Amino acid sequence: MIHNGYNPIQSGFNNADASEARADAREARSEAEQLRFDVNRLLMITEALWGILREKHGYTDDELVRRVYEIDAADGTLDGRKSRGPAKDCPHCARKLARKRPRCLYCGKLVAVDLFEP
Ligand SMILES: [Zn+2]
């Protein structure tokens, strides 16, 4: 029985396509699980580092909250995110730099990378 006018045979959708779609879905799920794991691990590391700073150096939670607020608000929008700034120019050849690349794609020279850019 065909629902909603969709006929998988007439559409050219076959078992190989379905198998490929399932493999893609498995891969996407696996990547999402890995990212969730990584984020959780980074949260634990951040919490541990914050605990050290608070206990050994006397920083307060209010200071941390204020800093996070400042970083969030720096782009003019309080949305719980840090937005990307515009792409920067290479200081050596003045062409646009690719994000998070330690070298310019055009001239090959090392450039400073913003470690906290999303
Ligand atoms: Zn360059």
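Lysine 100 is exposed, for only 10 other C-beta atoms lie within 10 Å, and a residue with 12 or fewer such neighbours is counted as exposed. This residue is found in the segment after α2. Its backbone deserves attention as well: the phi angle of lysine 100 is near 60 degrees, a positive value in a residue other than glycine. The model in which these features appear is a predicted one.

Alanine 94 offers a parallel case. Alanine 94 also has its place in the segment after α2, the helix of residues 61-73. The phi angle of alanine 94 is near 70 degrees, again a positive value in a residue other than glycine. Because alanine 94 has 10 C-beta neighbours inside 10 Å, it counts as exposed.

A further residue of the segment after α2 is leucine 105. With 12 C-beta neighbours inside 10 Å, leucine 105 counts as exposed, since the limit for that class is 12 or fewer. Leucine 105 may also be considered together with cysteine 90: the two are 15 residues apart in sequence, and their C-alpha atoms are 9.4 Å apart in space.

The view may now be widened to the whole protein chain. Its secondary structure consists of two helices and zero strands. How many residues does helix α1 contain, and does its span agree or disagree with expectation? Helix α1 covers residues 15-57, which makes 43 residues. At 1.5 Å a residue, α1 should span 63 Å, and its end C-alpha atoms are 62 Å apart, so the two values agree. Helix α1 is hardly covered, as the count of buried residues among its 43 residues is zero. After α1 comes glycine 58, whose phi is positive, near 80 degrees.

Helix α2 can be examined by the same reasoning. It has 13 residues, which at 1.5 Å a residue should span 18 Å; the end C-alpha atoms of α2 are 18 Å apart, and therefore the expectation is met. The number of buried residues in α2 is zero, so this helix lies largely in the open.

Two figures for the protein chain complete the picture. Of its 118 residues, 1% count as buried, where a buried residue needs 20 or more other C-beta atoms within 10 Å. Among contacts between residues at least 6 apart in sequence, 7% join residues at least 24 apart.

Definitions and conventions:
Residues numbered from 1 in each chain as written. Predicted model: local features only at pLDDT ≥ 70, side-chain atom pairs only at ≥ 80, totals over all residues. Helix = DSSP H or I, 4+ residues; strand = E, 2+ residues; numbered from the N terminus. Contact = placed C-beta atoms within 7 Å. Expected span 1.5 Å × (residues − 1).
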